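Q: Hey, I've just opened this one and don't know my way around yet. Can you walk me through it?

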Amino acid sequence: MADNESSKKRKRAGRRNKSHTQKLKLSTERESTSPKVERIKEEAAENPKASASESAKRLKSQGKLSNSSSFLDKMKAKLSGGHFRMINEKLYTCTGKEALEYFNDDPTLFDTYHTGYQEQMSHWPELPVDIIIKWLKEHSPSLVVADFGCGDARLAKNVKNKVFSFDLISNDPSVISCDMANTPLGSTSVDVAVFCLSLMGTNFPNYLNEAHRILKPRGWLLIAEVKSRFDSTTGGADPKTFTKAVCDLGFTSVSKDFSNKMFILFYFKKKEEQDSKKKDIEWPELKPCLYKRR
């Protein structure tokens with residue numbers, strides 16, 4: 001009888017322990033599946049995605065900023081290019097005096113023009129100023145040079161010669177600002193006169209007259225111009241007519257170089273003895289060099 005009672009007590013204790021264990025297990029499961037715990041798990045699981053999403057948003061935002069910046073740069077370049085073409089056309093269709101007044105009224109236009117000019121020149125495989133620099137280096141460094149329409153004075157900066165650099169506006173102490181038809185140099189004072197893509201005004205013959213005045217007898221006149229301006233099949237001047245006009249001014253033609261596809265080079269020398277009688281010179285019209293939109 002005592003054994004039976006003992007056995008019953010053990011069974012009841014076992015059932016109580018089992019029940020307690022089941023309750024503990026159930027409680028743990030409930031806690032692990034409670035809404036609060038689930039939220040914590042979800043947030044932990046979602047954090048990497050959230051970071052990735054934030055990164056994606058940032059990258060997208062940066063991309064938009066980059067695209068916007070690129071678009072603005074393109075628009076600025078387009079506006080700048082349009083402004084350059086407008087100024088360029090103005091210079092080809094007015095006199096040197098008018099061009100000087102135009103830039104004096106707003107000197108920033110000169111910077112705008114030369115920025116656009118440099119951009120256009122960057123597409124040329126070879127620049128005429130480099131050929132002229134090479135020519136001068138093959139001659140005596142004692143030759144005194146006048147550079148008409150010097151721009152950034154590249155010629156003067158690359159040769160040992162004494163160079164007088166002239167242009168409409170001076171942003172460099174070495175450049176003399178003036179109308180190229182009226183320079184401050186004395187008569188017969190230089191050995192070489194250079195016009196490198198600078199016969200732009202409608203009164204370009206006046207520039208050549210001024211070059212003739214300041215050149216010594218047998219002095220050199222070097223002219224580089226855009227080839228299309230001397231293509232008679234497209235409305236340009238006949239090179240022969242232009243050469244004859246320069247010779248009538250008091251020069252002899254030494255040579256012409258048509259080898260470059262972008263520009264033509266003329267080499268003249270001032271006659272040692274000038275005709276006492278002045279000729280009526282028939283100057284050809286040089287058509288404007290108008291750059292296309294790129």
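Q: Let me start with a residue I clicked on: is L265 buried or exposed?

A: Before anything else, keep in mind that this is a predicted model. L265 counts as buried, with a relative accessibility of 1%.

Q: Ok, and which strand is L265 in?

A: L265 is in strand β7, which covers residues 263-270.

Q: What does L265 touch, if you skip its neighbours within four places in sequence?

A: L265 is in contact with I131, I132, I223, A224, S255, K256 and D257. Take I131 from that list: it sits 134 residues away from L265 along the chain, yet their C-alpha atoms are separated by 9.3 Å.

Q: A224 caught my eye there. Where does A224 stand relative to β7?

A: A224 stands opposite L265 in β7. The strands behind that are β5 (residues 215-226) and β7, which pair in the antiparallel sense over seven bridges.

Q: And how many bridges join β6 to β7?

A: Six, and β6 and β7 run antiparallel. One of the pairings is S253 with its bridge partner F268 in β7. The two strands form a hairpin, with five residues between them.

Q: Let's zoom out. What's the strand order in the open sheet?

A: The order is β3-β2-β1-β4-β5-β7-β6, so to speak reading across seven strands with mixed pairing. As background, strands of a sheet pair through backbone hydrogen bonds, either parallel or antiparallel.

Q: Which strands stand at the edges?

A: β3 (175-177) and β6 (251-257) do. Each has a single partner strand, so one side of each is left without a neighbour in the sheet. Neighbouring strands of this sheet are turned by 20° against each other on average, ignoring direction.

Q: Which strands does helix α8 lie across?

A: Helix α8 (residues 239-249) lies across β5, β6 and β7. Relative to β6, helix α8 runs at about 150°.

Q: Switching to the inside: how many residues are in the largest nonpolar core?

A: That core has 42 residues, and F103, I132 and V192 have the most contacts inside it. At least two residues each come from α2 (35-92), α3 (96-105), α4 (108-121), α5 (128-137), β4 (190-196), β5 and β7. α5 gives the most, with six residues.

Q: Where does that core lie with respect to domain 1 and domain 2?

A: Between them, because domain 1 (74-120) and domain 2 (126-270) both give residues to the core. In soluble globular proteins generally, nonpolar side chains tend to be buried together.

Q: You mentioned V192. What does V192 touch, not counting residues up to four places away in sequence?

A: V192 touches W135, L136, L143, V144, V145, A146, L215, W220 and L222. Apart from this core lies another one of 30 residues, among them L185, F204, F242 and F251.

Q: New topic, cysteines. How many disulfides does the structure hold?

A: Zero.

Q: Take C150, then: how far is its sulfur from the closest cysteine sulfur?

A: The distance is 9.0 Å, to the sulfur of C178, and that is too far for a bond. The cut-off for a disulfide is sulfur atoms within 2.5 Å. C150 counts as buried at 8% relative accessibility, and C94 counts as buried too, at 4%.

Q: What about phi of A153?

A: A153 has a phi near 60°, a positive value in a residue other than glycine. Most residues other than glycine have a negative phi. A153 is placed in the loop between β1 (145-148) and α6 (154-157), and it counts as buried at 0% relative accessibility.

Q: And T188, where does T188 lie?

A: T188 lies in the loop between β3 and β4. T188 also has a positive phi, about 45°, although it is not a glycine. T188 is partly exposed, with a relative accessible area of 40%.

Q: Last one: which helix is E89 found in?

A: E89 is found in helix α2 and is partly exposed, with a relative accessible area of 43%. E89 and M200 are 111 residues apart in sequence, and 9.4 Å apart in space from C-alpha to C-alpha.

Methods:
Residues numbered from 1 in each chain as written. Predicted model: local features only at pLDDT ≥ 70, side-chain atom pairs only at ≥ 80, totals over all residues. Heavy atoms only, no water. Pairing = 2+ DSSP bridges. Helix = DSSP H or I, 4+ residues; strand = E, 2+ residues; numbered from the N terminus. Axes fitted to C-alpha atoms, helices over the stretch in contact; angles between N-to-C directions. Contact = heavy atoms within 4.5 Å. Buried < 20%, exposed > 50% of the residue type's maximum accessible area, 1.4 Å probe, protein only. Core = buried A, V, L, I, M, F, W, Y, C linked by side-chain atoms within 4.5 Å. Domains from an automatic or database assignment.
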